[in-house]
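Reader: I've got this one open on my screen and I'd like a close look at a single part, the sheet. Could you walk me through how its strands go together, and then how the rest of the chain sits around them?

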Amino acid sequence: MAHFPMSMRKCLGCGEEMDYAAPLPGDDDPRGPRPGDLSLCMYCGLLMAFDEELEVRLMTPQEAARVPRKERVRMARALRDFQRAQRRAKRRALH
Ligand SMILES: [Zn+2]
């Protein structure tokens, strides 16, 4: 999967550090984030948006309401898969 390094920023929800962006699985457009794109924190699931400087900002309720249901489902799946992989990696590290 394509990864796009970004300068370090923190999730506005959980404070986890984010230093790269990646498209959702199934998005074959291998481009980096652009202003207005959505940003989903893979730790807490907070949905944010990239501003003109590609900093993350909170979405307005109106913007959040416009996210299509299909996209929400894809994001929820990506989040679940990421968190599963994280748990597996953690378990492996303990043994
Ligand atoms: Zn977060």
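Author: Sure, let's start with the sheet itself. Three strands make an open sheet in the order E3-E4-E5, and the pairing is antiparallel. On the edges you'll find E3 and strand E5 (56–58), each of which pairs on one side only. From one strand to the next, the twist averages 45°. Keep in mind as you look that this is a predicted model.

Now take the pairs one at a time. E3 and E4 run antiparallel and are held in register by three bridges. If you want a landmark there, pick Leu40, which stands opposite Leu47 in E4. The two strands form a hairpin with six residues between them, and Gly45, in the turn, has a positive phi of about 85°.

On to the other pair. Strand E4 (residues 47–50) is joined to E5 by three bridges, again antiparallel. Two landmarks help here: Met48 stands opposite Leu58 in E5, and Ala49 has Arg57 as its bridge partner in E5. This is a hairpin as well, with five residues between E4 and E5.

The turn of that second hairpin deserves a pause. Which residue there has a positive phi although it is not a glycine? Leu54, with a phi of about 65°. Most residues other than glycine have a negative phi, so a positive value is worth a second look. Leu54 sits in the loop between E4 and E5. Is Leu54 buried, exposed or partly exposed? Leu54 counts as partly exposed, because 17 C-beta neighbours lie inside 10 Å; the buried class would take 20 or more.

Next, the strands that come before the sheet in the chain. Strand E1 (residues 4–10) and E2 pair in the antiparallel sense, over four bridges. Arg9 is a handy place to see this, since its bridge partner in E2 is Met18. E1 and E2 make a hairpin too, with six residues between the strands, and Gly15 in that hairpin takes a positive phi near 80°. How open is E2? Of its five residues the number buried is zero, so E2 lies largely in the open.

From there, follow the chain towards the sheet. Ala22 is in the loop between strand E2 (17–21) and strand E3 (38–40). Ala22 has 16 C-beta neighbours inside 10 Å, so it counts as partly exposed. You can tie this loop back to the sheet through Leu40: the C-alpha atoms of Ala22 and Leu40 are separated by 9.8 Å, with the two residues 18 apart along the chain. That is the Leu40 you met above, standing opposite Leu47.

What about the helical end? Helix H2 covers residues 69–94. For its 26 residues, 1.5 Å a residue gives an expected span of 38 Å, and the end C-alpha atoms are 38 Å apart, so the two values agree. None of those 26 residues is buried, so H2 lies largely in the open.

One residue of H2 links back to an earlier part of the chain. Arg74 lies in helix H2 and touches Leu24 and Gly26, leaving aside residues up to four places away in sequence. Between Arg74 and Gly26 the C-alpha atoms are separated by 9.0 Å, although their positions lie 48 residues apart along the chain. With 16 C-beta neighbours inside 10 Å, Arg74 counts as partly exposed.

Now zoom out. The protein chain has two helices and five strands, and from the N terminus on the elements run β-β-β-β-β-α-α. The radius of gyration is 14 Å, close to the 12 Å that the globule rule gives for 95 residues, so the chain is as compact as a globular protein of that length. Along the principal axes, the C-alpha atoms fill a box of roughly 45 × 30 × 25 Å. Of the 95 residues, 4% count as buried. As for contacts with a separation of 6 or more, 40% come from residues 24 or more positions apart.

How values were computed
Residues numbered from 1 in each chain as written. Predicted model: local features only at pLDDT ≥ 70, side-chain atom pairs only at ≥ 80, totals over all residues. Buried ≥ 20, exposed ≤ 12 C-beta atoms within 10 Å, placed from the backbone. Pairing = 2+ DSSP bridges. Axes fitted to C-alpha atoms, helices over the stretch in contact; angles between N-to-C directions. Expected span 1.5 Å × (residues − 1). Rg over C-alpha atoms; globule rule 2.2 N^0.38 Å. Contact = placed C-beta atoms within 7 Å.
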